[in-house]
Amino acid sequence: MQDSTVVAKALADVGPRLRRVRTQRDITLTQLAAATGISKSTLSRLESGQRRPSLELLLPIALAHKIPLDELIGSPEVGDPRVRFRPRNRNGRVVVPLTGQPGALQAWKVVLPPEQGEPELRTHEGYEWLYVLSGRMRLVLADHDITMGAGEAAEFDTRVPHWFGPAGDQAVEILSLFGRQGERIHVRAAPRRSDGGA
């Protein structure tokens, strides 16, 4: 079901729910109007669906009934946030997407097997951030040839000629964040103190 359909259904259900909550508590429209400061006609139009519910109207009603706003409006459930892993094989590499939604920035877990021959550097639009989970990774970036171990990270513009893979004859496991439009990764962390203090 599309988001707009879910929202439309939730809004359409608010009126009948308001009426049901009020009648279950045996409260008249006149009594609710006095308790909320909302006119009887506005309350009636809300319950019949002739008036679109707004926060300014729903909050006083929720307070008058002493129930949470979510319960009063029956907000749609948030979907399961877990990403369902579907490993793929790309050129001998096992690639597991860690982002479920399409978008500018994508996250991947990648297992890179040992490769034969010399690295073939390539370029393309984007910006990449790599984090070594286990093993040792070799990153060739233009004139730089770097070996990285578990816990190390690198980021680079993918328009620079590059290649990465295992540094030896053992597979390496990495996390990759990639933005096609060249988005840089923003890491929020406390700055490291230069005086060696804690």
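**Close-up 1. Helix α2, from its exposed side to its buried one.** Ala 34 and Ala 35 are the exposed residues on the face of α2 turned away from the buried side. This is a predicted model, as are the views that follow. The helix itself covers residues 29-36, and its buried residues are Leu 29, Leu 32, Ala 33 and Thr 36. Look down the axis of α2 and these buried residues fall within an arc of 105°, so they line one face of the helix. That fits the usual helix arithmetic: with 3.6 residues a turn, residues three or four places apart point the same way. Right after α2 comes Gly 37, with a positive phi near 80°.

**Close-up 2. Helix α4 and its two faces.** Now for residues 55-65, which make up α4; here Leu 57, Leu 58, Ile 61, Ala 62 and His 65 are buried. Around the axis they take up an arc of only 125°, which puts them on the same side of α4. Flip to the face turned away from that buried side and you meet the exposed residues Glu 56 and Leu 63. Just past the end of α4, Lys 66 has a positive phi of about 60°.

**Close-up 3. Strand β5 and its two pairing partners.** Strand β5 (residues 137-141) is mostly covered, with four of its five residues buried. It pairs with β6 (residues 144-148), running antiparallel and joined by five bridges. β5 also pairs with β8 (residues 162-166), again in the antiparallel sense and over five bridges. Met 137 is a handy residue to follow here: its bridge partner in β6 is Met 148, while in β8 its bridge partner is Pro 166.

**Close-up 4. The hairpin of β5 and β6.** Zoom in on the link between these strands and you find two residues between them. Which residue of this hairpin takes a positive phi? That would be Ala 142, with a value near 55°.

**Close-up 5. Trp 129 with Tyr 131, an aromatic pair.** The structure holds one aromatic pair. Its members are Trp 129 and Tyr 131, stacked with 6.1 Å centre to centre and 10° between the planes. How does each ring's residue fare for exposure, and what are the values? Trp 129 has 18% relative accessibility, so it counts as buried. Tyr 131, at a relative accessible area of 27%, is partly exposed. The line between those two labels is drawn at 20%, since buried means under 20% relative accessible area.

Terms used
Residues numbered from 1 in each chain as written. Predicted model: local features only at pLDDT ≥ 70, side-chain atom pairs only at ≥ 80, totals over all residues. Heavy atoms only, no water. Buried < 20%, exposed > 50% of the residue type's maximum accessible area, 1.4 Å probe, protein only. Arc of directions from axis to C-beta. Pairing = 2+ DSSP bridges. Phe/Tyr/Trp six-rings, centres within 6.5 Å; stacked < 30°, edge-to-face > 60°.
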